[in-house]
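Here is a short note for a colleague who is meeting this structure for the first time. The points move from one pairing between chains to the wider picture of chain B.

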Amino acid sequence: MSLVRFSPMEAGHQISMALAVLILLFPLTPAVSPKVGDPAPDFALSDQNGKTVKLSDFRGKKNVVLAFYIRASTPG
Amino acid sequence: MKAYQGDIAKFEQTDAQVLGVSVDSPERNRKFAQEIGATFPLLSDTEKTVTKQYGVLMMILRMASRATFVIDKDGIIRHIDEGSAALDPTSAHQACSLLEHRKQ
């Protein structure tokens, strides 16, 4: 295995290695997911109509079901 | 997300707001919302900040393409579904139901 030379055979492996290295180096990436009982990290994201939605908007008002679906047009 | 839309009335009964999150642009999410008839917000995390904060990026690397977090009114995570379990909104709905019963 070589990390320096590029060959199509090793490309897939090198991409996964590069991903692993990026994750190790990226300091904001938590090593573990938040767990049940942990405070949910707040966020402010744009919805499909361009309106900003914050998690804290629902504090004291609604339970929130936060469903990550990664990409549009996937099943479920 | 279609399954969550299908159960939207059930979620509303338990005082729960459904929020979808993807790394798509708001424009892409608008088209997706129209395709599936979503009436709840589909949030755009193009920078992947929130996806990382919730550890979902790590789950994706473990080949789990879905994750659902149930957060109570105090902002505490009360239930997590990962992978194929998150495709079905039933357990998330049950968690919301429990939260509402506990309160009463």
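1. Since bridges between strands come up throughout this note, it helps to say at the outset that two strands count as paired if DSSP finds at least two bridges between them. The model is predicted, and every value below should be read with that in mind.

2. With that definition in hand, the pairing across the two chains can be described: strand S3 of chain A, residues 63–70, and strand S3 of chain B, residues 67–71, run antiparallel to each other and are joined over five bridges. Within this pairing, Phe68(A) has Ala67(B) as its bridge partner in S3(B), while Ala67(A) is partnered by Thr68(B).

3. On which sides of S3(B) do its residues point? Ala67(B), Phe69(B) and Ile71(B) face one way, whereas Thr68(B) and Val70(B) face the other, and all of them are buried. Because five of the five residues of S3(B) are buried, this strand is largely enclosed by the rest of the structure.

4. S3(B) also has a partner inside its own chain, namely strand S4 of chain B, residues 77–82, to which five bridges join it in an antiparallel arrangement. In this pairing Val70(B) stands opposite His79(B) of S4(B). The hairpin that the two strands form has five residues between the strands, and Gly75(B) takes a positive phi near 80 degrees there.

5. Turning to the contact between the chains as a whole, 58 residues of chain B are in contact with 39 residues of chain A. Strand S1 of chain B, residues 16–22, gives the most to the side of chain B that touches chain A, contributing seven residues. That side of chain B divides into 34 nonpolar, 13 polar and 11 charged residues.

6. As for the overall build of chain B, its secondary structure comes to six helices and four strands, and these follow the pattern α-α-β-α-β-α-α-β-β-α when read along the sequence. The radius of gyration of chain B is 14 Å, close to the 13 Å that the globule rule gives for 104 residues, so chain B is as compact as a globular protein of that length.

7. Some further values complete the description of chain B, whose C-alpha atoms fill a box of roughly 40 × 30 × 25 Å along the principal axes. Buried residues make up 47% of its 104 residues. Among the contacts in chain B between residues at least 6 apart in sequence, 36% join residues at least 24 apart.

Note on methods
Residues are numbered from 1 along each chain as its sequence is written. Chains are lettered from A and ligands numbered from 1 in the order in which they are written. This is a predicted model: local features need pLDDT of at least 70, side-chain atom pairs count only at pLDDT 80 or more; totals for chains, interfaces and linings use all residues. Two residues are in contact if their C-beta atoms, placed from the backbone, lie within 7 Å. Ala, Val, Leu, Ile, Met, Phe, Trp, Tyr, Cys and Pro count as nonpolar, Asp, Glu, Lys and Arg as charged, and the others, Gly among them, as polar. A residue is buried if 20 or more other C-beta atoms lie within 10 Å of its own, exposed if 12 or fewer, and partly exposed in between; C-beta atoms are placed from the backbone. The radius of gyration is taken over C-alpha atoms; the globule rule is 2.2 Å times the number of residues to the power 0.38.
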